Amino acid sequence: MKLAAVRRDFTFLKRLIAYIKPYKTRFLIGMIASIPLSALEGAAAYMLGPFADSIIQHHEYEKLMWLPPAVLVAGLLQGVLYYISEYCTTYVGNRITLDIRTDLFQKLTSMEYLYFKRTPSGDIITRYFNDPVQIQTTIVLVLHSFLLNTLQIVFLTTVLLLNNWLYALVCLLVISMIVIPIDQLSKKIRRLDHHSRQITAQVLNLLNDTVLGIREIKSYRLKPYVDKQYGRGMQRYFHASMNITKAEFTLRPILSMIGAVALALILAFGGYQVQNGQMSIGSLLSFALALMLLYRPIKAVGQISGKFQRIMAACERVYEKLDETPAMDESDETKQSVDRIETVAFDHVSFEYESNQPVLKDINLTFSAGTVVALVGPSGGGKSTLVDLIPRFMDPTQGRVLINGIDAKQVSVQSLRQHIAIVSQKPMAFSGTIRENVLLGRLEATEEEVWQALKGACLDDWVRDLPDGLDTQVTEGGGSLSGGQQQRLAIARAFLKDAPLLILDEATSALDNESERKVQQALFNLVQGRTVFIIAHRLSSTHAADQILVVQNGQITESGTHPELMAQEGIYQRLYTLQFRDEPEFSRS
């Protein structure tokens with residue numbers, strides 16, 4: 001088991017080295033600068049012996065005049081080497097963090113739609129943003145500091161051996177006892193860090209839910225409840241962090257005791273040998289100084305060992321995400337392109353979000369270009385899931401979705417989605433200007449086309465009246481816009497994209513009657529010659545649909561035009577009679 005863990009950590013480091021290669025020059029400079037930087041303390045400890053002996057035994061006090069400039073030169077050299085070493089390795093660490101975060105973000109955006117529905121936002125933030133910082137620590141702390149401190153240990157140990165090899169072996173034997181507690185604590189730290197990350201993700205989930213649900217929290221007076229939940233989460237996070245801290249800092253008293261024992265042995269035996277003329281005072285001072293200087297790098301290596309386990313845990317989580325394969329294949333290398341969507345068909349389609357819990361059951365439908373289809377029915381019946389299969393946000397559990405008679409899995413995803421525009425019930429307004437938000441429909445569009453799209457969405461007059469016009473800033477999540485304005489901004493994107501297939505998921509749900517009447521009339525020009533899927537609770541938008549589908553419990557229970565369904569005593573008629581008959585109609589004539 002232990003060998004397997006070592007192999008796993010070695011694999012992580014090997015993969016990490018691949019990120020270092022583009023910056024190997026700076027990295028090597030930083031590493032090379034560590035060598036003379038590490039040797040300085042060893043050289044100083046070694047030279048102390050003959051220097052002290054020449055002054056004490058031979059009374060060469062004039063050599064003391066060289067001590068101040070030597071200290072100044074050594075300090076300057078140490079400072080320059082330290083700057084070069086730290087700057088280069090930190091630069092490489094920051095670049096690698098940037099590269100890993102970029103790779104993780106690209107992996108994130110390649111994941112299928114269901115991944116985001118199933119993965120808590122806190123886990124995504126922790127895995128994709130926080131963990132790469134630990135990878136940076138690997139470069140700066142482990143690869144650099146470990147090398148620096150290890151070289152110092154080597155140089156200082158050499159000084160000990162040159163002064164008195166027997167005493168050196170005794171001291172090193174005592175100091176080597178630290179390996180046992182380091183090994184045990186490292187395993188414990190890794191387990192504790194994994195637990196801490198889970199708690200962090202839970203706290204981030206709560207924080208995200210609070211920001212998104214602040215309206216409900218305020219209206220239901222949930223502040224005391226949310227505060228209590230957050231307080232509990234932070235208490236758990238505090239205790240988890242303190243457990244890691246206690247495990248890491250446990251090494252300090254152990255190291256102090258071992259260092260004190262080793263130094264006491266040297267002073268005792270060294271003092272005895274000095275009294276008997278078997279060792280000079282300079283050699284004893286040199287040995288004692290080297291041993292005291294050795295304490296710091298050994299302590300640093302011990303602390304690095306503990307933190308290394310946290311870093312390896314972060315590496316494990318990062319590589320787990322980088323190696324994750326999307327459940328749905330969106331690669332386009334061998335796929336067929338779509339020039340135009342002529343037909344959309346569902347061939348015995350069933351779908352499950354969770355095993356043995358079908359959301360759609362054996363759906364068989366065919367639609368031709370230019371068909372306006374309305375999907376109505378109770379919430380949770382499967383309407384949105386049905387249309388989400390068309391742009392391949394997910395694939396059927398059973399059956400096939402056919403585009404122009406071809407299985408959608410064999411069609412280029414980019415080519416397919418290029419021909420589809422979607423306006424959802426809760427559209428997303430991104431941080432940026434109004435112009436930038438509209439241009440998401442087609443980035444290369446001209447300003448005139450942007451204004452035409454805004455006019456089609458009944459937003460042009462409102463935007464012209466704004467002091468900054470198209471350059472008006474939209475805050476995160478569209479907080480500076482009303483619900484209706486966000487809805488029409490999304491509709492403007494759809495106008496600008498001018499796609500042959502439209503999916504309108506409650507596209508007018510947030511509009512007042514006057515705005516809805518304008519948008520419905522504007523949609524008249526947009527739907528000509530296009531396939532349109534309208535998911536509607538407000539049945540005023542279904543009147544002129546070529547086909548109305550009643551979706552209930554994952555099945556199509558009724559199908560027909562508005563007059564045909566109104567003539568039946570079914571779900572559609574019952575739903576329609578519950579709504580006002582004089583709502584604005586979506587007329588195509």
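**Exercise 1. Classify the exposure of R435 and follow its salt bridges.**

Step 1. With a relative accessibility of 22%, R435 counts as partly exposed, because the buried class is reserved for values under 20%. This value, like the others below, is computed from a predicted model.

Step 2. The salt-bridge partner to consider is D471, whose closest O atom lies 2.3 Å from the closest N atom of R435. R435 belongs to helix 14 (residues 434-439), whereas D471 sits in the loop between helix 16 (460-465) and strand 8 (473-474), so the pair ties together parts that are 36 residues apart in sequence. D471, at 42% relative accessibility, is partly exposed.

Step 3. The pair does not stand alone, since a network of salt bridges links R435, E447 and D471. In the whole structure, a search finds eight salt bridges.

**Exercise 2. For the salt bridges R392 with D395 and R340 with E342, give the closest N and O distance and say what is known of the burial of the residues.**

Step 1. In the salt bridge between D395 and R392, the closest N and O atoms are 2.8 Å apart. R392 has a relative accessibility of 2% and therefore counts as buried.

Step 2. In the salt bridge between R340 and E342, the corresponding separation is 3.8 Å. R340 is partly exposed at 38% relative accessibility, and E342 is likewise partly exposed, at 41%.

**Exercise 3. Work out the layout of the open four-strand sheet and explain which strands lie at its edges.**

Step 1. The strand order is 2-1-4-5, and the pairing is antiparallel. Strand 2 (357-368) and strand 5 (406-407) are the edge strands, each having a single partner, so one side of each is left without a neighbour in the sheet.

Step 2. Strand 1 (residues 343-354) pairs with strand 2 over eight bridges, and F346 stands opposite L365 of strand 2. Strand 1 also pairs with strand 4 (residues 398-403), in this case over five bridges, with S350 opposite Q398.

Step 3. Strand 4 and strand 5 are joined by two bridges, and the bridge partner of L402 is D407 in strand 5. These two strands form a hairpin with two residues between them, and N404 in the turn has a positive phi of about 55°.

**Exercise 4. Describe the nonpolar interior, beginning with the largest core.**

Step 1. The largest nonpolar core has 43 residues, and those with the most contacts inside it are I434, V438, L454 and Y572. Helix 17 (residues 483-497) is the biggest contributor to this core, giving seven residues.

Step 2. Apart from this core lies another of 31 residues, including I341, V344, L501 and V551.

Step 3. Leaving aside residues up to four places away in sequence, Y572 touches a set of residues that includes V376, L539, I548, V550, L565 and M566. L454 is one of the buried residues of helix 15 (residues 447-456), together with V450, W451, A453 and G456. Just after helix 15, C458 adopts a positive phi of about 60°.

**Exercise 5. Locate the nonpolar surface patch and assign I29 to its helix.**

Step 1. The patch consists of I29, L76, V80, Y83, I84 and Y87, which together have about 590 Å² of accessible area. Helix 3 (residues 67-110) gives the most to it, with five residues.

Step 2. I29 is located in helix 2 (residues 24-56), and at 40% relative accessibility I29 counts as partly exposed.

How values were computed
Residues are numbered from 1 along each chain as its sequence is written. This is a predicted model: local features need pLDDT of at least 70, side-chain atom pairs count only at pLDDT 80 or more; totals for chains, interfaces and linings use all residues. Side-chain values use heavy atoms; hydrogens and water are left out. Two strands pair if DSSP finds at least two bridges between them. A nonpolar core is a set of buried Ala, Val, Leu, Ile, Met, Phe, Trp, Tyr and Cys residues joined through side-chain atoms within 4.5 Å. Buried means under 20% relative accessible area, exposed over 50%, partly exposed in between (1.4 Å probe, protein chains only). Contact means heavy atoms within 4.5 Å. Patches are made of residues with over 30% relative accessible area and no salt bridge: like charges are joined within 9 Å, nonpolar side chains (Val, Leu, Ile, Met, Phe, Trp, Tyr) within 5 Å. Accessible areas come from the Shrake-Rupley method with a 1.4 Å probe; for residues, only the protein chains shown count as cover. A salt bridge is a side-chain nitrogen of Lys or Arg within 4 Å of a carboxyl oxygen of Asp or Glu.
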